[in-house]
Structures are given as C-alpha cells and as structure tokens.
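Please open the structure in your viewer and keep the selection panel at hand. The tour below proceeds from one selection to the next.

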Amino acid sequence: YKKAITENNYEEALSLFRRAVDTDSRCYVCTYNLGRALITTDKLDEAVEIFSRLTKAAPGYANAFFGLGDALGALRKHKEGIAAYRQALK
C-alpha cells in the first residue's frame with residue numbers, strides 16, 4: 001500500500017486496505033487507513049460508515065473519531081463532525 005500511496009494510486013491503496021480489513025476486521029489501523037483512502041477517493045458516505053463502525057468497535061481509538069469528523073466535515077455535516085472531534089479529545 002505504501003507504493004500505491006506514494007504513486008497517488010489511491011484506488012489501488014483502497015483495494016489493499018479493503019483486503020486487509022476483510023482479512024482482519026480487528027486491525028483498527030487498517031480500518032482507519034481504509035476510511036482515509038475512502039475520503040481521498042471522495043467516497044464520503046462509505047467513509048462515514050467505516051469510521052462509525054470503527055468508533056463502536058474501538059471507542060478508545062481517538063483516530064477513529066478524528067477520521068469520522070473529517071468525513072462528516074467533507075460532507076458539510078459540521079455539527080456532527082465537531083461532535084466527533086470532541087469525542088476524540090475525550
């Protein structure tokens with residue numbers, strides 16, 4: 001995936017992150033990276049879904065809430081995004 005990202009091949013990175021999450025759904029870093037790749041490829045609704053699931057699976061993982069805030073902000077759901085950022089800070 002590092003090569004794909006370095007080459008700005010985000011669709012390939014997205015595919016690799018999907019496979020990683022399918023292989024190990026408890027890999028929270030993989031799931032976070034999948035969400036980031038979804039934001040980068042403008043698949044914002046799916047990114048919100050991924051980050052929402054991640055926040056439920058790992059409520060202590062602040063990056064999940066930051067990613068959710070970013071995805072919601074990109075969708076112009078600013079109040080919800082701010083709430084996610086606040087949760088991350090807790």
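A residue is called buried when its relative accessible area is under 20%, and exposed when that area is over 50%. The model on display is a predicted one.

Begin by selecting Thr31, which is part of helix α3, spanning residues 28-40. Is Thr31 buried or exposed? Its relative accessibility is 8%, so Thr31 counts as buried. Next, display the surroundings of Thr31: apart from residues up to four places away in sequence, Thr31 touches Val21, Ser25, Ile50 and Leu54.

Val21 leads to the next selection, helix α2, where Ala13, Leu14, Phe17 and Val21 are buried. Viewed down the axis of α2, the buried residues occupy an arc of 100 degrees, and therefore they line one face of the helix. That buried set packs against α1 (2-6) and α3. Rotate to the face of α2 turned away from the buried side, and the exposed residues Asp22 and Thr23 appear there. As for dimensions, α2 covers residues 10-23, and its 14 residues reach 20 Å from first C-alpha to last, close to the 20 Å expected at 1.5 Å a residue.

Now select Leu34. Setting aside neighbours within four places in sequence, Leu34 is in contact with Leu14, Phe17, Arg18, Val21 and Ile50.

Finally, show the largest nonpolar core, which comprises 24 residues; Leu34 and Phe51 have the most contacts inside it. At least two residues of this core come from each of α2, α3, α4 (44-57) and α5 (62-74). In soluble globular proteins, nonpolar side chains tend to be buried together.

How values were computed. Residues numbered from 1 in each chain as written. Predicted model: local features only at pLDDT ≥ 70, side-chain atom pairs only at ≥ 80, totals over all residues. Heavy atoms only, no water. Helix = DSSP H or I, 4+ residues; strand = E, 2+ residues; numbered from the N terminus. Buried < 20%, exposed > 50% of the residue type's maximum accessible area, 1.4 Å probe, protein only. Contact = heavy atoms within 4.5 Å. Expected span 1.5 Å × (residues − 1). Arc of directions from axis to C-beta. Core = buried A, V, L, I, M, F, W, Y, C linked by side-chain atoms within 4.5 Å.
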